[in-house]
Amino acid sequence: MATLPNPLPRLASDPSGRSLGLQLPPGRLIDPVTEDSSDGPVLWHAEKGAAPGHWAALGGRAGRAGLLPVLVDVGGGQGGPQRWDLMPGQVSYPGDHDAEDVLADFWEADEEEDEGYWDDETAEMLAPFGPDWPGLAPSPSLTIDPAVCAAQVADSLTDGARSWPEDPRLALVPARRSADIPAAVGWSGPVNHEGDVARLCAVLRSWEDRFGIRVVALGFDLLVVSVAAPPTTTQEAEAVAAEHFAFCPDNVTQGPGSLREYAKQLVGERAWFFRWD
C-alpha cells in the first residue's frame with residue numbers, strides 16, 4: 001500500500017519523539033506480523049491508559065509529524081495490537097477502490113449467489129430499500145469541526161463510563177488520512193466480511209468527505225468513527241443505514257434487526273460503532 005514516509009522507526013532511538021517535534025510518554029512500537037514490509041513499525045502506542053484530553057494534546061502535533069492518532073484497545077481476550085496479525089503488506093491501496101462500487105458489491109453479493117436470498121424476511125429487515133443498491137446517502141452540513149468532534153468522541157471513550165474499550169491507549173499511525181488508518185496498519189478486524197480492509201477504507205474515505213468522519217478507535221474486531229455531520233432526519237438516517245448494512249451487516253442483523261430501527265439510532269449521533277463477528 002502506498003503510504004507517506006514512516007517516521008516511526010525514528011522512535012526506536014528517540015522514544016520521546018523530540019526529533020519529530022513531539023513529547024511522547026513511554027510507549028511501544030508494534031511491528032507487522034510478517035516481514036513483507038520494509039518500512040518498519042506500523043504503530044506506536046502509549047504504555048499507560050488514555051484519558052480525556054490526551055487526544056487533543058497530541059493529535060495536532062502528531063499530524064504535522066506525519067502521524068495520525070487513534071485509540072487502540074489492549075484489553076479483552078484478544079489482547080492488544082501486537083496480537084492482531086497486522087499485515088499491511090497484504091492490503092491494497094484505498095484510493096484504488098470506488099466507495100459506491102464497494103458498497104454495491106456488498107449489498108448485492110448474497111442475492112447473486114443465492115437467487116432466493118431476497119425473501120420476505122430480508123425485504124422486511126431492509127425496508128424501505130429493495131434488492132438493488134439504493135445509492136450513496138446525501139451529505140448533511142457540517143455542524144462541528146471534524147478534528148474537534150474526533151477529540152470529543154475520543155474523550156468519551158476514555159472517561160471510564162463505557163464498557164468498551166476496556167483498556168484504551170493512544171496510538172500513532174503513519175497514514176495519509178484518518179480513513180486510511182486500518183489499511184495502514186493492515187488491520188484484519190473485518191476479515192469475516194472483507195479480507196482486504198482497504199476496500200472498507202475506501203468507504204471510510206467517502207464518509208470522511210461526506211460526513212466528516214475520523215477513525216477514532218480500533219479493537220480486535222471493532223471500529224469507532226466520529227461523525228461531524230450526522231444525519232438529521234429519519235430519511236437521511238435510513239439512507240446512511242443502508243451504507244452501514246453493506247459496510248457491516250452485523251450492526252443490523254445482530255442489533256435491532258431492521259434497517260428502520262437501526263436508522264433511528266443514527267439521527268444526530270456523533271459516534272458510529274462497527275463490529276464484525
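This report describes helices, salt bridges, a charged patch and a few individual positions in a predicted model.

## Two enclosed helices

Helix α6 covers residues 197-211, and its 15 residues reach 20 Å from the first C-alpha to the last, which is close to the 21 Å expected at 1.5 Å a residue. Of these 15 residues, 14 are buried, so helix α6 is largely enclosed by the rest of the structure. Directly after α6 comes G212, a residue whose phi is positive, near 65°.

Helix α7 covers residues 234-247, and for its 14 residues the expected span at 1.5 Å a residue is 20 Å, which agrees with the 20 Å that separates its end C-alpha atoms. Here 11 of the 14 residues are buried, so α7 too is largely enclosed by the rest of the structure. The buried residues include several alanines, among them A237, A239 and A241, but also the charged residues E238 and E243, together with H244, F245 and F247.

## Salt bridges that involve helix α6

The count of salt bridges in the model comes to 10. One of them joins the side chains of D209 and R177, with a distance of 3.1 Å from N to O. Because D209 lies in helix α6 while R177 lies in the loop between β4 (168-173) and α5 (181-185), this pair ties together parts that are 32 residues apart in sequence. The two partners can also be described by how much of each is accessible: D209 counts as exposed, because its relative accessibility of 60% is over the 50% cut-off, whereas R177 is partly exposed, with a relative accessible area of 23%.

A second salt bridge is formed by the side chains of D180 and R205, at 2.8 Å from N to O. This pair also links distant parts of the chain, since D180 sits in the loop between β4 and α5 and R205 sits in helix α6, 25 residues apart. Both D180 and R205 are buried.

## A network of charges

The side chains of E194 and R199 meet in another salt bridge, with 3.0 Å from N to O, and both of these residues are buried. The pair does not stand alone, for D105, E194 and R199 are linked in a network of salt bridges.

## A negative patch on the surface

On the surface, D119, D120, E121 and E124 gather in a patch of negative charge. One member of this patch, D120, is found in helix α3, which covers residues 120-126. With a relative accessibility of 70%, D120 counts as exposed, because that value is over the 50% cut-off.

## Two buried loop positions

P165 lies in the loop between α4 (146-157) and β4, and it counts as buried, because its relative accessibility of 7% is under the 20% cut-off. Although P165 and A217 are 52 residues apart along the chain, their C-alpha atoms are separated by 8.4 Å.

G186 is found in the loop between α5 and α6, and this residue is also buried, with a relative accessible area of 3%. The C-alpha atoms of G186 and A150, which are 36 residues apart along the chain, are separated by 22 Å.

Technical notes: Residues numbered from 1 in each chain as written. Predicted model: local features only at pLDDT ≥ 70, side-chain atom pairs only at ≥ 80, totals over all residues. Heavy atoms only, no water. Patch = residues over 30% accessible without salt bridge, like charges linked within 9 Å, V, L, I, M, F, W, Y side chains within 5 Å. Areas by Shrake-Rupley, 256 points an atom, 1.4 Å probe, with all protein chains shown as cover. Salt bridge = Lys/Arg side-chain N within 4 Å of Asp/Glu carboxyl O. Lys, Arg positive; Asp, Glu negative; His and termini not counted. Charge placed at Lys NZ, Arg CZ, Asp CG, Glu CD. Helix = DSSP H or I, 4+ residues; strand = E, 2+ residues; numbered from the N terminus. Buried < 20%, exposed > 50% of the residue type's maximum accessible area, 1.4 Å probe, protein only. Expected span 1.5 Å × (residues − 1).
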